Amino acid sequence: MTSGTVDVFAGVEHEVPSMLREALTGLELVDHHVHGTYADDITRNVFEQSINEGSPDPVPAFMSMFDSQLGFAIRRWVAPLLGLAPHASADQYWTRRASMSSQELDSLLLPAARVTGWIVDESIGLDALRSPGDLASASGADSNRLVRLERLAESVAAECADPAEFVDRVRAAVAAESADAAGFKSIAAYRCGLDIDWSRPSDDAVTAAVSAWLRTTPADRLRTVDPVIIAFLVHSAVDRGRPLQLHIGLGDRDLDLDRTNPLHLLPLLRSTAESGSAVMLLHCWPFHREAGYLAQAFDHVHFDIGLAINFVGAQSAQVVRESFEVAPFAKQLYSSDAYGLPELHLLGSVLWRRSMGLALGEWVRRGDWSADDAVRVAQMIGAENARRVYTLR
Amino acid sequence: MTSGTVDVFAGVEHEVPSMLREALTGLELVDHHVHGTYADDITRNVFEQSINEGSPDPVPAFMSMFDSQLGFAIRRWVAPLLGLAPHASADQYWTRRASMSSQELDSLLLPAARVTGWIVDESIGLDALRSPGDLASASGADSNRLVRLERLAESVAAECADPAEFVDRVRAAVAAESADAAGFKSIAAYRCGLDIDWSRPSDDAVTAAVSAWLRTTPADRLRTVDPVIIAFLVHSAVDRGRPLQLHIGLGDRDLDLDRTNPLHLLPLLRSTAESGSAVMLLHCWPFHREAGYLAQAFDHVHFDIGLAINFVGAQSAQVVRESFEVAPFAKQLYSSDAYGLPELHLLGSVLWRRSMGLALGEWVRRGDWSADDAVRVAQMIGAENARRVYTLR
Amino acid sequence: MTSGTVDVFAGVEHEVPSMLREALTGLELVDHHVHGTYADDITRNVFEQSINEGSPDPVPAFMSMFDSQLGFAIRRWVAPLLGLAPHASADQYWTRRASMSSQELDSLLLPAARVTGWIVDESIGLDALRSPGDLASASGADSNRLVRLERLAESVAAECADPAEFVDRVRAAVAAESADAAGFKSIAAYRCGLDIDWSRPSDDAVTAAVSAWLRTTPADRLRTVDPVIIAFLVHSAVDRGRPLQLHIGLGDRDLDLDRTNPLHLLPLLRSTAESGSAVMLLHCWPFHREAGYLAQAFDHVHFDIGLAINFVGAQSAQVVRESFEVAPFAKQLYSSDAYGLPELHLLGSVLWRRSMGLALGEWVRRGDWSADDAVRVAQMIGAENARRVYTLR
């Protein structure tokens, strides 16, 4: 079975002007935040868990995660690539999928995403996921690497004979990574929330926090949660001039969703406005309006609505429209935040193209926007903004 | 005058596929949170106040509450059942309505809601409202009863000779009620806000709180507001394995709307995730996206957008669409939260059917969803999920 | 070049019933919160900064603010009045605009807004902006004046020989202004956030705060930021019975957006519910649902979605729809909050008319609303509510 293509405007041809349809269909995307695909075959239970972002638990017996916007989107858009009818049942889908190896699925689905640049966060799921290089070779694309700051801190801390070494070692590690990584990422949202003191801590304050951390935690169980350490990491990354990605909003229940509102970042954004480093707000739902505001208010702030687009499925046209309120168009990027299932790498692309077509297409049909402008904006958000911010070729 | 029917898809036939129209028109709903209807005839002023959820005051002279989405929806959808033209004027509507007894109105409007199961909160308006049994017999439906925890606590407290009795007496009362009530309900949102310490208090802490309460309040004016007591009540209910309903969002200005955001419940939801009891988030507007997130993140969390659907009237299609973002479809339920006016029992049903048709119908027309799936999801949300959660016949 | 007109329903004629189109096209608006236009000619950089509400910085080289919803709306709707094609390029637009004087632009654009009453906040940009009288004469309309409380306090404080004079002098100044000003305005959102203690401070507390303020600040750099002083100002204004405007939501990054949520005002609104003064929540995006709730819950609360309508451009139809949820229709007003560029005075009107047509028109086409009601509601929000609240002729 060779890679197919998805007719992303099936059923909405009359709602999207043809020029915009063609441009969006052919557009080669940069997915500026993504993970690898599962290296091994998986069970149905793992599959269903993988389409629930919020819960770490097995799906309870009374329900199926296929009965969700994302589940319906998989049956609608991915089933035909597996030789099934659109809307094939969950059981039919699973049976067919289970008959294929993870390599076959990757080969079939990844190229159909038409992504020519993946920027990969490889710091979770190391054992379970393919590497960025695998992702790139399976899809015929380039890949770049993100460095997760909390993981870097844990590696450094585990090697520190003396807590006083931590500050300099982190700075050196960040400097070394900044030479070839596309950017840095922080999951402060998961570790301490975004409502922390974002001022730059003194070296002594960091050393004291690290001392307390190392004194109370075995070296093999180090987990960066101290807000002083996290603020230090973030400032250290921003100092290097590379883009800094921050997880915002939607995530598993390990985080407090209300503490991931990007407005908590105002002090950090004010203090880094002149740094020369871009700040990239990832995902953002249900705070995407707030994220768009920050992207207008600060020259260095950018955002995406990745992850959410997959999860809201047929409702993504509205979320896309809401991402087009106050943010300048140079400040929005595309990402899928796909993890594990190649369905997610593909659907991020399919649903983004379709929703962009519906949202921008309506404005073109009504005469609010010109078709030329709509195409240009799609290209900016789909690829050009990422190429500019990350200085990709 | 006998009960009529409402053509809920009038004017939008071309927007909703016929199969979905037929299924939604005929669907027998379970309204999982509702109150009784006014037993006595009412004045126009009471009527207009009854269509303002936020304010306890008489409607000021410079305006009419008929000039609102809900007022317009009453004139559009209920007027024809009273023999008037759609969009009859407010004065025409009131004149006709005032010529009918409350029993006549109930007989005319309640059956037209096509609700076959009412789960009734009978703990407010006891003197003014008909009982669940009356509601059921007027509409030819079954009814079940909810137990409001704050009221139960007030009854128990009034009978305690010694505050030390309170804890055991509450546990016994909750156990007794759980034998035949459909579930419990807390209005913590009104009494102390949802941003409290949700950990299970010790019996001693509860006894101390009750002592202070009884010492300072006459027995006939007891009102449960202490967060320690409310946390105790909620945990006592969850311990019994029955569904627990929590008021979220939209309510009268007696509550602080920002303190009713369901994200404040995260600690409670984490600590009760393994309890076996369902947690039902009621109403939720304008926090329905957050509620949907919690319904994805926690197996035991469910939600509805009742009350809001009535109040936003013609705008309900958007609110319905927003309830279809990240929540699995097994986790949403139907309710009207109607109180007093049988118009509200009816409109909850009419507007829900119509908005579901518009929202799901658009996805079907575009090919995002199959028509079969849309019908199945409507049945889940309209009745099946409630029958499963509340173990109704 | 004489003033032209804008065909605000171009491209959406079939979506808006003709009766509603005609009524909205001809409606003479009251813009209840607006500023003057630039007195002098401006540079392109100033122009682009003027269409970014959030940032005080020059637009960075990598982008243009023309690439935003507002920029696209200017090219779509204003370009034709300057003799260009709709969607003329940014460079074409700027070249043509730069060939005209600020007076010419005012004469061309202001009358096309069809505003017959401007209520002008003249307390910022005094040197750069034309006065309310100029605005009125350029557009053939009436104008009324708002008094900004923080500025009044700074003027009074600068003249106080003794801090103990402040309280009485402010009361006298507020009383004097209330004789002929349309209302008062507070920018507490910018100065201390809305999450302050809104109880009425004692005169002694105010005097103490003023003492500290005057002791630490030169008289020519006084800036009212103390929450005690601001609460005093607000209560002093409310005491006079005139409408009080409060900035809510969207504004430049000088404010903390999360501290401008109108729900922070609940204590103030409760304590002023019986004052007889109207409270006007301005702009409100992204908290317009919350503002609408307050407008239902409190008889004296009104709101608008001005400023946001301009900034969200083609997306304004959704924001308008969301302003029609729980608020009674007597409680919403029209404003542009235009500042500096006459494009903004015009676009506020164009986009409001168009979005109202799209939102209400859909409800009329579907039969949810009657066309008569839609026209009546448009008149209420466009002018009548403002005439009632501000007691304009």
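Which ring does the charged end of A:Arg76 sit over? Hold on to that one for a moment, everyone, and welcome.

A word on the ground rules. This is a predicted model, where local features need pLDDT of at least 70, side-chain atom pairs count only at pLDDT 80 or more, and totals for chains, interfaces and linings use all residues. Residues are numbered from 1 along each chain as its sequence is written, chains are lettered from A and ligands numbered from 1 in the order in which they are written, and side-chain values use heavy atoms, with hydrogens and water left out.

Back to the opening question. The ring belongs to A:Trp77, and the charged end of A:Arg76 is 3.9 Å from its centre. For a charge to sit over a ring, NZ of Lys or CZ of Arg has to be within 6 Å of the ring centre and within 35 degrees of the ring normal. Chain C offers another case: C:Arg75 lies over the face of C:Phe72, 5.2 Å from the ring centre.

Now rings with rings. Two rings of Phe, Tyr or Trp (the six-membered ring for Trp) pair if their centres lie within 6.5 Å; planes under 30 degrees apart are stacked, over 60 edge-to-face, and the rest tilted. Over all chains, the search finds 45 aromatic pairs. One of them is A:Phe47 with A:Phe66, stacked at 5.5 Å centre to centre with 25° between the planes. Those partners are 19 residues apart: A:Phe47 is in helix H2 (residues 44–50) of chain A, and A:Phe66 is in the loop between H2 and helix H3 (69–78). Helices (H or I, at least four residues) and strands (E, at least two) are DSSP runs, numbered from the N terminus.

A:Phe66 also pairs with A:Tyr93, this time edge-to-face, at 6.2 Å and 65°. Here the link spans 27 residues, from that loop to helix H4 (residues 90–98) of chain A. Are these rings buried or exposed? A:Phe47 is buried at 0% relative accessibility, A:Phe66 is buried at 1%, and A:Tyr93 is buried at 0%. Buried means under 20% relative accessible area, exposed over 50%, and partly exposed in between (1.4 Å probe, protein chains only).

Rings also meet across chains: A:Phe72, B:Phe324, B:Phe329, B:Trp363 and B:Trp369 are linked by ring pairs into a cluster.

So how are the chains arranged? A turn of 120° with a shift of 0.0 Å along the axis lays chain B on chain A, with an RMSD of 0.0 Å. That is the relation of a three-fold axis. The superposition is by least squares on C-alpha atoms of residues with pLDDT of at least 70 in both copies. In chain B, the residue closest to the rotation axis is B:Gln318, with its C-alpha at 5.4 Å. The copies use different surfaces, as 6% of the contact residues of chain B recur in chain A; contact means heavy atoms within 4.5 Å.

Last stop, the sheet in chain C. Eight strands form an open, parallel sheet in the order E1-E2-E3-E4-E5-E6-E7-E8. Strands pair if DSSP finds at least two bridges between them. E1 (29–34) and E8 (332–333) of chain C are at the edges with a single partner strand each, so one side of each has no neighbour in the sheet. Two bridges join E7 (residues 301–304) to E8 in chain C, and C:Asp304 stands opposite C:Leu333.

Thanks for listening!
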